[in-house]
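Here is a short tour of one protein chain, written for a reader who likes to follow along in the viewer. Have the sequence and the structure open side by side, and let us start with a single residue.

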Amino acid sequence: MALDLGYAYRLKEFTSDLVRPSNQGVFDATHVVSAELRYQLSPAAAVTVGFQGASQWSSNAESRDFFNTNSSVGLQCRF
């Protein structure tokens, strides 16, 4: 059995050469956490269960709140 944990911080700053673009000067800061549990059934097969959650920590744009949750189940087979 194995457990993989992850964390990512993403900072996006929007820039453009266009005249008066709508996103000029906008920034978004997002935190992402992930976890995956893997169980080895045999040398050739494994089952995984995963979770990923993301949330926007801060932004200077209006109505940019962002929350996202993903889950997964998988089977890996090697022939």
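## Starting at T48

T48 counts as buried, because its relative accessibility is 15% and the cut-off for buried is under 20%. Please keep in mind that this is a predicted model. T48 belongs to strand β3, which covers residues 45-59.

Which residues does T48 contact, leaving aside its neighbours within four places in sequence? They are E36, L37 and R38, together with S72, V73 and G74. Several of these names will come back below.

## Across to G74

G74 is one of the contacts of T48, and its place is in strand β4. Is G74 buried or partly exposed? G74 counts as partly exposed, as its relative accessibility is 23%.

Not counting residues up to four places away in sequence, G74 touches A46, V47 and T48. Take V47 as an example: from C-alpha to C-alpha it is 5.7 Å from G74 in space, although the two are 27 residues apart in sequence.

## The charged trio

On to the charged side chains. Side chains of opposite charge can pair when their charged atoms come close. How many salt bridges does the structure hold? There are two salt bridges, and D4, E36 and R38 are linked by them in a network.

In the pair of D4 and R38, the closest N and O atoms are 3.3 Å apart. D4 sits in strand β1 and R38 in strand β2, so this salt bridge ties together parts that are 34 residues apart in sequence. E36 also forms a salt bridge with R38, and here the closest N and O atoms are 3.5 Å apart.

How accessible are the three partners? D4 is partly exposed at a relative accessible area of 36%, E36 is partly exposed at 29%, and R38 counts as partly exposed at 25%. Two members of the network, E36 and R38, also appear among the contacts of buried T48.

## A nonpolar patch on the surface

Now turn to the nonpolar side chains. M1, L3, L5, L37, Y39, L41, V49, V73 and L75 make a nonpolar surface patch of about 1000 Å². The elements that give two or more residues to this patch are β1 (2-13), β2 (27-42) and β4 (67-77). Which element gives the most? That is β2, with three residues.

One patch member to click on is Y39, found in strand β2. Y39 is partly exposed, its relative accessible area being 44%. L37 and V73 are patch members too, and both of them are contacts of T48.

## The chain as a whole

Stepping back, the secondary structure comes to four strands and zero helices. Read from the N terminus on, the order of elements is β-β-β-β.

The chain has 79 residues, and buried residues make up 18% of them; T48 is one that counts as buried. The chain exposes about 6300 Å², with carbon and sulfur atoms supplying 55% of that area. Among contacts with a separation of 6 or more, 44% are between residues 24 or more positions apart. The pair of G74 and T48 shows how β4 and β3 come into contact.

Notes. Residues are numbered from 1 along each chain as its sequence is written. This is a predicted model: local features need pLDDT of at least 70, side-chain atom pairs count only at pLDDT 80 or more; totals for chains, interfaces and linings use all residues. Side-chain values use heavy atoms; hydrogens and water are left out. Patches are made of residues with over 30% relative accessible area and no salt bridge: like charges are joined within 9 Å, nonpolar side chains (Val, Leu, Ile, Met, Phe, Trp, Tyr) within 5 Å. Accessible areas come from the Shrake-Rupley method with a 1.4 Å probe; for residues, only the protein chains shown count as cover. A salt bridge is a side-chain nitrogen of Lys or Arg within 4 Å of a carboxyl oxygen of Asp or Glu. Buried means under 20% relative accessible area, exposed over 50%, partly exposed in between (1.4 Å probe, protein chains only). Contact means heavy atoms within 4.5 Å.
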